[in-house]
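Welcome! Let us take a walk through this structure together, one stop at a time.

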Amino acid sequence: MGSRKLLEVETALQSAWELNPTFDVAYNLGNTEHKLKKHREAAQYLSFALRHWPLLKTVAKLKPTAEQRLAESRAQVGAVTVTVGMTGAEVLVDGKAVGRAPVEGEVFVEPGEHRVEARLEGYAPASQTVKVGKGGAAEVALAMATAKSDARDGAPVARAAEGSAPGVGAGAGAPAAGLAPGAPVEPPPRPQERNWVPVIALGAASAVGLGVGIGMTVASNDASADGRAQADAILEAGGGCPDAPPAYEQACSELRETASRVDTFGRAATVAYAASGVLAAIAAVTYALWPRSATVASGKVRALPEARIGYGGITVQGAW
């Protein structure tokens, strides 16, 4: 595959990753970055894929490839393990956000010196500079202290002094302007929050549909490659499948089965992509039209992909 085609695949997979960061997208994206010799990015995606690898026989044969390419990319870059004292703090490396504490796995960087920083509202930023070589590793531990705010601490005193100064405004103990003495002060009503449950469910279903589509596309491409190899083998042997002689009947039968797989996976991918787009649109309309409610019914929401012979789709189960 040429560099231009690889860059197009990389762009498409990055868009899929932003919508649905799953192990299969990470695996395909990591392989693409490895082929482009972008070893830092390849190590990051392949590491994620291996940490979330499912216990499925259908993908077990791909795991050794992921492990080998991770090792190859890992040898070309450095790795930093980041520990932050405050959960939820934003972690940055050289000013670029890499996640929130606790940071999962290693952060891969180019060999050299890097600045690791943690930020969290209400706390003073913490940072540390670390140097890591090619194939090396380093650990960074950041402790965060509460930020000082003298102005905020002194504000209530100033307001109290202002309200009790003689000759300014109402006297001590006087009721607030515009209210009768003894009148109850009612707090403003809290705005009801919009019900996010159906929107989240539909958005999750859309993301699952996109993941199914990508998986079916990969499977279709693999089957197509197998079919081309089988056809080439038959042609090189001097045979042919129309009115195939007995010597080529088995090979032609396998070729027909491969072609059927290509068609099945392709149609399933098309259905999954279409379902993903439709569900995303429904989620947007639901958010706009669904009535606001102060309470949300509790329950579990599940988005389940379906990919069968001849069709594919998404099933959403839940209660609102």
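Before the first stop, one definition will help: Ala, Val, Leu, Ile, Met, Phe, Trp, Tyr, Cys and Pro count as nonpolar, Asp, Glu, Lys and Arg as charged, and the others, Gly among them, as polar. Please keep in mind, too, that what you see is a predicted model.

With those classes in hand, turn to the second largest pocket. About 610 Å³ of space lies inside this pocket, and 23 residues line it. To find its centre, look for Arg40, Gln44, Ala97, Val98 and Val107, the lining residues that lie nearest to that point. Three elements each give two or more residues to the lining: α3 (39-51), β3 (96-100) and β4 (107-109). Of these, α3 gives the most, with six residues. Sorted by class, the lining of the second largest pocket has eleven nonpolar, nine charged and three polar residues.

Now stay with α3 and look at a neighbour, helix α5 (residues 63-74). Two packed helices are described by the angle between their axes and the distance between the axes. Here the axes of α3 and α5 come within 9 Å and cross at roughly 145 degrees, and the crossing is left-handed. On the α3 side, the residues in contact are His39, Ala42, Ala43, Leu46, Ser47 and Leu50, and they meet Lys63, Ala66, Glu67, Arg69, Leu70 and Ser73 of α5. This contact brings together six nonpolar, three polar and three charged residues.

The helix α3 also takes part in our next stop. Searching the whole structure turns up four aromatic pairs. How are the rings of Trp17 and Tyr45 arranged? Their centres are 5.3 Å apart and their planes stand at 80 degrees, so this pair is edge-to-face. Trp17 belongs to helix α1 (residues 3-19) and Tyr45 to helix α3, so that the pair, with its members 28 residues apart, links distant parts of the chain.

Finally, two details of the backbone deserve a look. Lys37, in the loop between α2 (23-35) and α3, has a phi near 65 degrees, which is a positive value in a residue other than glycine. In the loop between β3 and β4 you will find Pro102, and the peptide bond leading to Pro102 from Ala101 is cis, with omega near 0 degrees.

Conventions
Residues are numbered from 1 along each chain as its sequence is written. This is a predicted model: local features need pLDDT of at least 70, side-chain atom pairs count only at pLDDT 80 or more; totals for chains, interfaces and linings use all residues. Side-chain values use heavy atoms; hydrogens and water are left out. On a 1 Å grid over the protein atoms alone, a cavity is a set of points where a 1.4 Å probe fits but cannot get out, and a pocket is an open set with protein on both sides within 12 Å along at least five of seven lines; lining residues have an atom within 4 Å of a point. Grid points are joined across faces, edges and corners, and a volume is the space filled by probe spheres set on the points. Helices (H or I, at least four residues) and strands (E, at least two) are DSSP runs, numbered from the N terminus. Axes are lines fitted to C-alpha atoms, for helices over the stretch in contact, and angles run from 0 to 180 degrees between N-to-C directions. A crossing is left-handed if the near helix is turned anticlockwise from the far one by less than a right angle, and right-handed if clockwise. Contact means heavy atoms within 4.5 Å. Rings of Phe, Tyr and Trp (its six-membered ring) pair if their centres lie within 6.5 Å; planes under 30 degrees apart count as stacked, over 60 as edge-to-face and the rest as tilted.
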